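Subject: Handing over a structure

Dear colleague,

I am passing on the structure below, and would ask you to look through it before reading the notes underneath.

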Amino acid sequence: MQPSVGPKAVRKTRRHGAATAAAIALFHRAVPKNFGVDLEPAPGGAARASIRNWAGAKNLKTFARALLTTRLDRSGARIRTAALGIFVAYAAIGAKLVVLGVSHDPPQTLKGAADEAVSGARPDLLDRNGDILATDVKTMSVFAEPNRIIDKDEAVELITAVLPDVDARELRERLGSKKGFVWIKRQITPKEQAEIFHLGLPGVGFLPENKRVYPNGPIGAHVIGFVDKDNVGIAGMEQYLDQQSLTDPHVPGFAVDPESLKPVRLSLDLKVTHALRDELIGGLERFHAKAAAGLVVDVNTGEVLALESLPDFDPNDPGDMKDPMKINRINKGVYEMGSTFKALSISMALDSGRVTLGTRVDARDSLRYGRFTIHDFHATHRILTVPEVFTHSSNIGTARLALMVGVEGHKAFLRKMGQLDRLRTELPESAEPLVPKRWGELNTMTIAFGQGLNVAPIQAVMAVCALVNGGNMMVPTFLPRTPEEAAKVSHRVVSEQTSESMRYLMRSNATHGSASFANVPGYYVGGKTGTADKIIHGHYSENKVFTTFMAITPADKPKYLFMTIYDDPMPAPEDHGFHTAAYNAGRVAGALIRRVEPLEGVPPEKNPPNQPFPIIARLGYGADADKTGKE
């Protein structure tokens, strides 16, 4: 018996039947007749699919073949549809590129990460003659994209087998990060690059970088400085380049062609620097000193031709730069300069007008001040003239001359000479002088002969240069400076007469004073020794000294000043137990003059100058400058 169907159900069945019939008609137009599917409307408007005809179709392969069959009557529509899809895709890509191009934030892509990571270019550093002191070379560095590495443990094992100095644990941590770019090792060798390449690891690649190299190794290292792995200046003139924006700013999107970076020429002379280092090392070994340092300066321009401080370092591999023994003692260390300071004290007295070269000073007995007593190392126990105070290096005589000027006058003169304030040059390394907090007469007496005030050696050199170049003081420079430029940056600190008097005193000290070891024939040398007792545990040591020697050539019209320093030198076997400055720093300065003067094209003169000191000669002084032997 047939179930009864209500009117509502009949209407619903008819609506579905009509929709199904329309779908079947559309299917027949799209599918070939021989496809093997029979869909016919059932009686009463209901749709019935003939399961029997469907099962009788050839097979599913026939169905797939029919779908993939290309028919000419439908090709045009398909091509237009595909073209429209491709156009829309490229339009979307183009729009995205425009957005990225106008965006201020750099895209977080591998290229962006690499641009930020690789080292920037730097200009070459040249010496005054054009010889290369520092330059960039291209090298390869290996990186990884952690999200592209499938087996990170295997990658670590393979990479560390080729690069054994890479820490496996640290590398695994980097590869496990979510960063898109990490370094594996910077600045690898071509052999290492080839071996990594042949591993065939996905997500591991190479980037070219700039590596800073120093072809002369440790020569001039404290002036040149060095850079880190990112080619950023860490010390010396390398750091100065960054401070002056003379390097590639290395901002993503702002590229600087390395060819456009103009080389920077320094005042250093590579040949002179090599000679200075060589002589200092020889003295270091001969006198078994803890450290040594030296400086060669053009007194008329303030240009530093050579600076060395030992122990030093190789900027190609600087190692532990926190080692206090590797500091730049010329700029960064502060020391009591010993009797070299007597040049400042005597010039102060002469320039004040209270003292002349003929002034006599009582040095018959020790000088007492309260519970303190000042002695002379080589006591004469007699009244001395000013030249004799200098050539005998009399502590007593120098102290008395300083007291004639007074405490305030002494302080004012030393401040004018740049000894009480930090001296800043192009080198970032500098030091603050150690100045007494309470400065009384006793301080003036001891500072007058180089005890009680600690300054950087380059400060003392700056002052002595002014004393001998005619009286004009200028800050030393590590960049080229012409005499005309020097005149613009200098200022007068003492008179021409005082300057000539100091040249005469230094020449006299070389011929019949403590500087005779540096009196190289033919170069008319002048000089001054300085031996300071070192402070050990708050007290002056009786057997540990800090020695300094300053020499000028030629003494009548100086061109160069040579300074040598030794920290705690021991007596040489032939020196009978003496370890004062004359025996070590003085000897080395003499050897340095013999080497450097010919390098600078200065031949030795057979005869001394005719009238070396004309100003003081008119006053009746200077005739004994070239005599030999002490009184």
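What follows describes a sheet, the helices beside it and a cavity.

Please bear in mind that this is a predicted model, in which local features need pLDDT of at least 70 and side-chain atom pairs count only at pLDDT 80 or more, while totals for chains, interfaces and linings use all residues. Residues are numbered from 1 along each chain as its sequence is written, and side-chain values use heavy atoms, with hydrogens and water left out.

Five strands (DSSP runs of E, at least two residues, numbered from the N terminus) make up an open, antiparallel sheet in the order β11-β10-β22-β21-β20, where pairing requires at least two DSSP bridges between two strands. Because β11 (304-310) and β20 (526-536) each have a single partner strand, one side of each is left without a neighbour in the sheet. Between β10 and β11 there are six bridges, and L295 has L307 of β11 as its bridge partner.

Helix α11 (residues 270-287; helices are DSSP runs of H or I, at least four residues) lies across β10, β11 and β22, whereas α17 touches β10, β21 and β22 (contact means heavy atoms within 4.5 Å) as it packs on the sheet.

The lining of the largest cavity includes V297, D298 and M462, and its residues divide into eight nonpolar, two polar and one charged (Ala, Val, Leu, Ile, Met, Phe, Trp, Tyr, Cys and Pro count as nonpolar, Asp, Glu, Lys and Arg as charged, and the others as polar). Lining residues have an atom within 4 Å of a cavity point, on a 1 Å grid where a 1.4 Å probe fits but cannot get out. The largest share of this lining, three residues, comes from α17.

With best regards

Methods. On a 1 Å grid over the protein atoms alone, a cavity is a set of points where a 1.4 Å probe fits but cannot get out, and a pocket is an open set with protein on both sides within 12 Å along at least five of seven lines; lining residues have an atom within 4 Å of a point. Axes are lines fitted to C-alpha atoms, for helices over the stretch in contact, and angles run from 0 to 180 degrees between N-to-C directions.
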